[in-house]
Amino acid sequence: MTKGFLTCAAAAMLLSSAPCVAQYVPSEKNLISREEFREDRFGIFLHWGIYSMLATGEWTMTNNNLNYREYAKLAGGFCPEGFSAEEWVSAIKASGAEYICITTRHHDGFSMFDSDATDYDIVDATPFGRDIIRELADECHRQGIALHFYYSLIDWGREDAPRGRTGLGTGRPLDTVDQDAYYDFMKAQIAELLVQYAPVRAIWFDGHWDQDINPDFDWRYDELYPLIHRISPGCLIGNNHHLSPFEGEDIQIFERDLPGENKAGLSGQEVSDALPLETCQTMNGMWGYKITDQNYKSVRTLVQYLVEAAGRDANLLLNIGPQPDGRLPELSVDRLRGIGEWMAKYGHTVKGTRGGDVPPHDWGVTTKKGNTHYVHIMNIQDNSLFIPFTSGKIRKATCLNDGTKVAFSQDKDGVLLKLGKVPSEIDFIVELTL
Ligand code: GLC
């Protein structure tokens, strides 16, 4: 299908010929989006594609050196009849999440939306024939949940895509690389995503690291970023490059680690004190659906991770890998429900808050909203806790779990909270009113 392609491609080319913005000044709308994003604190990531049918995660094409022409035939069998945007968005919303980020095109190169820039997409290449991004976007807009799009910079299936360190065994000839053509394709698709499914609050890039073997490789962000901000000034740009933010980016992303930590080995970059922060994490161990991985983290672990992120002034983007039949895995729905129960009672102690004045400790974290500070105690073996809180005189300390008063004493070095017991709650929250 090529209807409208010229318009999009022409628009993309026109826009991209703008001079490179050396110093990016975010628009008023963009600053508002950043604030809204920061207030949300919790979003759900969705990794869904034709790879879900192989049930071995989203990297299966390169990990198993699947031939690109054979892999493409998977599309002919993709018929996820169980997909219901209404069910997905409702389950996600009930968890307390405020936004969804879905893979529109992952590294395997298959487009999950109706694209005029290729026929290798969900509408043109599958018997299903439905534009799931259209359905999800409409449903998100209807239910009032923000929409973000994951978009891969790399492509293991296109012949014109630049080659980095992955996707080298998929059988593509080497002499077909055509960077200009590939960038025109990406720009046309990004323009489509922003226009067709507006409003889109963020574009989430991934794959930059594929060229870390070629440090001089130019990802042409000076073309991609202004294109996005011109079409949709309020749209946030994030890039999972595992480095400090580049000029033109609106949020800083971390993968599988809390800002400031590096347990997974993908972080270690400086934490921005200006941009909103987000860290993404899996519910089990994989992003895309993996049939053998039923090892889902508990509700307790997931809630505590969300609170740990909020205490570091960051959002949590928690992943689900939907099944090939179009349904969300039962265990993920169970976890959404559990998180939702917690959020219904205590969501206000993370949403709309900022990381607290007391830095994270082994016992937990703090968050704050105006004159109210929340002490989140998640790991303690004692019935009292001293915190180096020096941000003002405390009038009242209340345990939010049971509404009782918490006895305390305060001096110039901090506050001693007398908890009355050794807490074992998911999160024992003491609200401090100044
Ligand atoms: C990594 C993986 C990718 C996944 C992403 C999510 O970059 O390559 O498969 O989508 O992390 O954070």
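Strands E14 (residues 407-411) and E15 (residues 414-418) run antiparallel and are joined by five bridges, two strands being taken as paired if DSSP finds at least two bridges between them. Strands (E, at least two residues) and helices (H or I, at least four) are DSSP runs, numbered from the N terminus. The connection from E14 to E15 is a hairpin of two residues, and Asp 411 has Gly 414 in E15 as its bridge partner. The model is a predicted one, in which local features need pLDDT of at least 70 and side-chain atom pairs count only at pLDDT 80 or more, whereas totals for chains, interfaces and linings use all residues. Residues are numbered from 1 along each chain as its sequence is written, and side-chain values use heavy atoms, with hydrogens and water left out.

A second set of pairings is centred on strand E3 (residues 146-152), which is mostly covered, with seven of its seven residues buried; buried here means under 20% relative accessible area, exposed over 50%, and partly exposed in between, with a 1.4 Å probe and protein chains only. In a regular strand the side chains alternate between the two faces of the sheet. In E3, Ala 146, His 148, Tyr 150 and Ser 152 point one way, while Leu 147, Phe 149 and Tyr 151 point the other way, and all are buried. Strand E2 (residues 99-105) pairs with E3 in the parallel sense over six bridges, and Ile 102 stands opposite Phe 149 of E3. Strand E4 (residues 202-206) also runs parallel to E3, to which it is joined by five bridges, and Phe 205 in E4 is the bridge partner of Tyr 151. Between E3 and E4 the chain passes through helix H8 (residues 179-196), giving a β-α-β crossover that is right-handed, in the sense that, with the strands pointing away from the viewer, the path from the first strand over the helix to the second runs clockwise.

Helix H8 contains Tyr 182, which counts as buried because its relative accessibility is 0%. The C-alpha atoms of Tyr 182 and Phe 78 are 25 Å apart in space, and the two residues are separated by 104 residues in sequence. In the loop between H8 and E4 lies Pro 199, which is joined to Ala 198 by a cis peptide bond with omega of about -5°.

The ligand is surrounded by 14 residues, of which His 47, Glu 58, Trp 59, His 106 and Glu 255 come nearest, a residue being counted as near if one of its heavy atoms lies within 4 Å. This shell divides into seven nonpolar, four polar and three charged residues, where Ala, Val, Leu, Ile, Met, Phe, Trp, Tyr, Cys and Pro count as nonpolar, Asp, Glu, Lys and Arg as charged, and the others, Gly among them, as polar. Polar side-chain atoms approach oxygen atoms of the ligand at 2.5 Å for Glu 58, at 2.9 Å for Asp 206 and at 3.2 Å for His 107. Taken alone, the ligand exposes 300 Å², of which the protein buries 96%, the accessible areas coming from the Shrake-Rupley method with a 1.4 Å probe.

Helix H9 (residues 221-231) is largely enclosed by the rest of the structure, because eight of its 11 residues are buried. These buried residues are Tyr 221, Glu 223, Leu 224, Tyr 225, Pro 226, Leu 227, Ile 228 and His 229.

Several loop residues were also examined. Thr 126, in the loop between helix H6 (122-125) and helix H7 (132-143), counts as buried because its relative accessibility is 9%. The side chain of Thr 126 reaches the backbone nitrogen of Gly 129 at 3.1 Å, a polar contact being a pair of N or O atoms within 3.5 Å, of which, within protein, one must be able to donate a hydrogen and the other to accept it, and residues adjacent in sequence count only if both atoms are side-chain atoms. Asn 65, which is not a glycine, nevertheless has a positive phi of about 45°; Asn 65 lies in the loop between helix H3 (60-63) and helix H4 (68-72) and is partly exposed, with a relative accessible area of 46%. A positive phi, of about 55°, is also found for Arg 256, again not a glycine. Arg 256 belongs to the loop between strand E6 (252-255) and strand E7 (277-282), and with a relative accessible area of 24% Arg 256 is partly exposed.
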